[in-house]
Amino acid sequence: MNKPEAVQISDRTDNQPHPLTGNEAIARGAWEAGVKVAAAYPGTPSTEILESLGTYDAADVNAEWCTNEKVSVDVAIGASFQGVRAFAAMKHVGLNVAADPVMSQTYVGVNGGLVIAVCDDPGIHSSQNEQDTRLFCRLANVPVLEPADAQEALDFTRLAYDISEEFDTPVILRATTRLSHTRSPVFTGPRETPEDKPFIDDPGKNVVLPAVARVRHPFVVERERKLQEYFDNSPLTRWEKGDTHVGIITNGTSYPYVKEVMPNASILKLASSYPLAKKTVQAFCDSVERVLIVEELEPFIETEVLAMGIPAEGKVFFPRCGEFSPEVIRAGLAKAGLVEAAAETHEWNINPIVRPPVLCAGCPHTGGYMSLRAIDARVTGDIGCYTLAAVEPLRAIDTNVCMGASIGNAVGMAKAGTETKPIVATIGDSTFLHSGIPPLIDAVYSNVDITVLILDNKITAMTGGQDHPGTGKNLRGEDAHQVNYEEICRAVGVTWIRKVDSYDLGGLYQVMREAAAYKGVSVVISNRPCVLDPVKIKGPALRVEAKDCVACQACMNLGCPAITWSDEMYDGHHKVKIDEVACIGCTLCAQVCPSDCVQPVLPVSQ
Ligand SMILES: Cc1ncc(C[n+]2csc(CCOP(=O)(O)OP(=O)(O)O)c2C)c(N)n1
């Protein structure tokens, strides 16, 4: 087996490498590959890919946020049909939303190259689960490329377009949080200018009728074999010869960890877990005495290798849950008896205090959840900053499943007929547009007694403040049509709709009480911008008049991080204190204070 040490894919015109994150490198790779249409819905850790593509010349690449991941893949597929190179990006759970078109397009194939970047989140830094996209790739028979660092992220993205067009397949470029968000030196190259191809007028390929799909399925199976052959013969599948006592098969970001901990081992670095380069794997395993598989999350390669009849070991030493690191790899290899265990160090033997994430000081979501507590509602939650209202002290959300689930869950609760409390679905503006509208239609259609609280903070806050069709701005910050939530609700048949200021606690309470008493579907829209939004509304900061504070803790229930206890004692008691720098003057604490001790900090001149 004669494999070169490393692959160089891009024509590197740089003399100097650029410090790029994995996400920026993927964006650069897409741009260099000549991508003309890029679409995405934000989701950590993938968000910055499209944000970065949005910094390239709009004449080169039409990059735009979509309402959800399925739409982004549909848009990319449309561009591919038209013969241009197309790109979509999402986080791992976004692929669940986009699964439908991917499962069909794998039969159709491509005209212009089609690459979907999917970023997994081992360790669940910012997600609702830890699913491994490689399993989806096998399900969809879509080849996956798994870069190990930012240079490979660029190179593999470029290469993915050649693979896509040569094998007539969508390609998934799989990153993980560590790769997406880590910066490393990257040599860049020029932009390719692939010729635009004409639309292929071939219903026998492009229209997935049963008769067409039946013919295309064997093509997909044969494509898998050809791709397997490709990865067997490609320098992408990298065999690093070393000590033959042990051979380690690894992929993606696990590779640098293995190199760090066992630099002299024989290593087979796979660029793709699916389809597996089986001939190379077999030859590699034959050349070593013992085979270990080091892969983050699921035992994907391990299962395949075991099925080949090779007695490989993997998850017996390395965890299936959580993120890998050199320490995790060292511990696993030590368990396997291959390296020394790390010496225990007591230097930093600290027990860190748990600091759960909190809503920001002045977060406009707080008031809505205070009012839901006040009316003692059964509250279904959704995905966004507001999910944090589920934890102490607000503790105002009872369930939370996935994006867009709140309204459907509420419909199901109402249909169950066992709930005595008012049922309220709470959903953010971006999530409402993502997947909240079909279940709202369903709610009206089913004529259930539920209230939907749309928490319109005029941004996709959770993922860092991306625009969406409700903000009236596009990815490049230009004006775009602004969706009107009230009109949408009316159009689907909701008749009871109220708008309320998120900072008006009394108003919120009153409106929520009325909404909960309404028979049928009622919608409340609370509408203050996110406090991190550049156009936030900020009043004067507030302070506590210590002599009047009775330490009743009513304000503490808001969970506002600007509210703490004073270190000093007044009349022998600790009193509440407000951090005037963190406070944005939303006045929620003043509204709940029974002793009127929260007052604006007046400018010095007054
Ligand atoms: C299917 C899916 N796509 C994307 C995400 C990432 N994500 C989490 S919350 C969220 C949207 C939050 O925006 P919004 O509903 O407006 O609430 P906010 O955070 O502004 O309060 C996104 C995109 C996800 N968790 N799941």
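Start by selecting helix H5, residues 99–108, and show whatever surrounds its buried residues: they pack against helix H3 (69–81), H6, helix H9 (203–206) and H10. Keep in mind as you click around that this is a predicted model.

Now colour the buried positions of H5 themselves: Pro-101, Val-102, Gln-105, Thr-106 and Val-108. Look down the helix axis, and you'll find that they cover an arc of only 155°, which puts them on the same side of H5. There's a handy textbook rule to go with that view: an α-helix has 3.6 residues a turn, so residues three or four places apart point the same way. Step off the end of H5 and you land on Gly-109, which has a positive phi, near 85°.

**H3 against H5**

Next, add H3 to the selection. How are H3 and H5 arranged? Their axes are 8 Å apart and the packing angle is about 30°. Angles under 35 degrees count as roughly parallel, and H3 and H5 are therefore roughly parallel to each other. To see who meets whom, show Lys-70, Val-73, Asp-74 and Ile-77 on the H3 side, with Asp-100, Pro-101, Val-102 and Gln-105 facing them from H5. Sort the residues of this contact by type and you get 4 nonpolar, 1 polar and 3 charged.

**Zoom out to the domains**

Time to colour by domain: domain 1 is 18–233, domain 2 is 238–335, domain 3 is 365–527 and domain 4 is 542–600. Hide domains 3 and 4 for a moment and stay with the other pair. The C-alpha centres of domain 1 and domain 2 lie 26 Å apart, and the contact between them involves 24 residues of domain 1 and 22 residues of domain 2.

Which elements build the domain 1 side of that contact? Select helix H6 (133–140), strand S6 (144–145), helix H8 (177–181) and helix H10 (210–233), since each of them supplies at least two residues. H10 gives the largest share, 5 residues. By type, this side of domain 1 divides into 12 nonpolar, 3 polar and 9 charged residues. H6 and H10 may ring a bell, as both were among the partners of the buried H5 residues.

**Over to H13**

Now select helix H13, residues 300–307. Which residues of H13 are buried? Phe-300, Ile-301, Glu-302, Glu-304 and Val-305 are, so to speak, the ones to show as sticks. They pack against H6, strand S10 (243–251), strand S11 (265–270), helix H12 (278–286) and strand S12 (291–294). After H13 comes Gly-309, and its phi is positive, near 85°.

**Two last stops**

Bring everything back and go to Gly-465, in the loop between strand S15 (450–456) and helix H18 (485–491). Buried or exposed? Gly-465 is partly exposed, with 17 other C-beta atoms within 10 Å. Leaving out residues up to four places away in sequence, Gly-465 touches Ile-459, Thr-460, Leu-532 and Asp-533. If you want a distance to draw, try Gly-465 to Val-110: 33 Å from C-alpha to C-alpha, with their positions 355 residues apart in sequence.

Finish at Ala-590, in helix H20 (residues 588–592). Ala-590 is partly exposed, with 18 other C-beta atoms within 10 Å. Beyond its neighbours within four places in sequence, Ala-590 is in contact with Leu-542 and Val-598. One more distance to draw is Ala-590 to Arg-543: they are 47 residues apart in sequence and 9.3 Å apart in space, C-alpha to C-alpha.

Technical notes:
Residues are numbered from 1 along each chain as its sequence is written. This is a predicted model: local features need pLDDT of at least 70, side-chain atom pairs count only at pLDDT 80 or more; totals for chains, interfaces and linings use all residues. Domain bounds come from an automatic or database domain assignment. Two residues are in contact if their C-beta atoms, placed from the backbone, lie within 7 Å. Helices (H or I, at least four residues) and strands (E, at least two) are DSSP runs, numbered from the N terminus. Ala, Val, Leu, Ile, Met, Phe, Trp, Tyr, Cys and Pro count as nonpolar, Asp, Glu, Lys and Arg as charged, and the others, Gly among them, as polar. A residue is buried if 20 or more other C-beta atoms lie within 10 Å of its own, exposed if 12 or fewer, and partly exposed in between; C-beta atoms are placed from the backbone. The arc is that of the directions from the helix axis to the C-beta atoms. Axes are lines fitted to C-alpha atoms, for helices over the stretch in contact, and angles run from 0 to 180 degrees between N-to-C directions. Angles under 35 degrees count as roughly parallel, over 145 as roughly antiparallel, 65 to 115 as roughly perpendicular and the rest as oblique.
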